[in-house]
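I opened this notebook to record how the parts of one model meet. The entries are kept short.

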Number of protein chains: 2
Amino acid sequence: MTLEEAIKSSKFKDQRHKALIHIMYAAYQVKTNINQLLKNYALTGEQYNILRILKGSHPTPLCVKDIASRLIERNSNVPRIADRLEIKKLVKRFPSPEDRRETLIQITPAGLNLLDAATQAMEAEHQHIANLTEAEAAQLNQLLAQMLQD
Amino acid sequence: MTLEEAIKSSKFKDQRHKALIHIMYAAYQVKTNINQLLKNYALTGEQYNILRILKGSHPTPLCVKDIASRLIERNSNVPRIADRLEIKKLVKRFPSPEDRRETLIQITPAGLNLLDAATQAMEAEHQHIANLTEAEAAQLNQLLAQMLQD
DNA sequence: TATAATTACATGTATATACATATATTGTTC
DNA sequence: GAACAATATATGTATATACATGTAATTATA
């Protein structure tokens, strides 16, 4: 479905205005697709993102603020998402011995297993979602980078 | 800030994978920017979107499902967002005389005034956010449309 | 070193998202 | 027209987002 069909409107002030709406529509489509896929693993998008970040540093645990600094959506509430991961025993949590204000979070073997399975499915899905050649994707990345620079 | 700086990572499988993350990052930046601006009008992004949709059909009211069908985020809960707009007297709500299952929603004069002020600020902001020429924006739109097709 | 400022995290509240279920109304079929 | 199916909205629950506030630990400073 095109953007115009999706929002039943084609009244854009100009191409730049349309591009802003288009980006939000594309992001929603991508997110929805990913969330659907992750339901097979009983994970939400943010839970998956946090597991992926923790795997990146594994076996070194990360504190809450280091996880937050790697998330796109900075206002996600890492302590509460970690609560849910901990209940499912996908991460464990313990106070930092060096700075007892910090809570260190580490992915468990169960977390690694689930993440690997989800990531495999995700990569297959990514190929399906992004109907672009590598050259086109590179151009899209260049335009997005330029748009966001100030 | 570039995507890589924002998420402290540059490990992408390929350009297509990066493009998906990039789109979600760009959308987040745009949304955050817009939400900040709308705080001056005590509106959330979704409240603004619904007011804009209602203005589009004004003075004809729209039922809940027609509003939902024009939103990018389809799972937004229109009845509850309408609750909040109604409390602020920005919309009024009444059962449809033709089909009493439907609730018709209409933007009030106060809603129109607030929306106009917010929209004016929004348009100025849009020019600032999207650091692209019209030709570049058109190219971005083309790439997004292609990415989302089928 | 006592006090103040800062930092890190947890928690509270409002809103939104995602989805399931309930209720009222309308449409369909026999 | 009665029974059933479909539709429209409302409501309930879990999670996430956005932001304010509280609390403990650390750092800075007088």
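The entries below go from the ground rules to the protein interface and then to the DNA.

**Ground rules.** I am working with a predicted model, in which local features need pLDDT of at least 70 and side-chain atom pairs count only at pLDDT 80 or more, while totals for chains, interfaces and linings use all residues. Residues are numbered from 1 along each chain as its sequence is written, chains are lettered from A and ligands numbered from 1 in the order in which they are written, and side-chain values use heavy atoms, with hydrogens and water left out.

**Symmetry.** I superposed the copies by least squares on the C-alpha atoms of residues with pLDDT of at least 70 in both. A rotation of 180 degrees with 0.0 Å of shift along its axis puts chain B on chain A, with an RMSD of 0.1 Å. The two copies are thus related as by a two-fold rotation axis.

**Protein interface.** I counted contacts (heavy atoms within 4.5 Å). In these terms 52 residues of chain B touch 52 residues of chain A. Of the interface residues of chain B, 100% are also interface residues in chain A, so the copies meet through the same surface.

I then looked up the buried area, meaning the accessible area (1.4 Å probe) that two parts lose on being put together, summed over both. Between chain B and chain A this comes to about 5,800 Å², and carbon and sulfur atoms give 62% of that. In chain B, R16(B), Y28(B) and I72(B) lose the most area to chain A, together 13% of what that side buries.

I looked for salt bridges (a side-chain nitrogen of Lys or Arg within 4 Å of a carboxyl oxygen of Asp or Glu). The rule finds zero of them across the interface of chain B and chain A.

**DNA strand C.** I took as near any residue with a heavy atom within 4 Å of the strand. There are 26 residues around DNA strand C, and the closest are K65(A), R80(A), T44(B), S76(B) and R84(B). Sugar or phosphate accounts for 73% of the strand's atoms within 4 Å of the protein, and bases for the rest.

I noted three distances to side-chain N or O atoms. For R80(A), a base oxygen of DNA strand C is 2.4 Å away. For S76(B), the partner is a phosphate oxygen of the strand, at 2.4 Å. For R80(B), a base nitrogen of the strand is at 3.4 Å.

Terms used. Polar contact = N/O pair within 3.5 Å; in protein donor to acceptor, adjacent residues only side chain to side chain.
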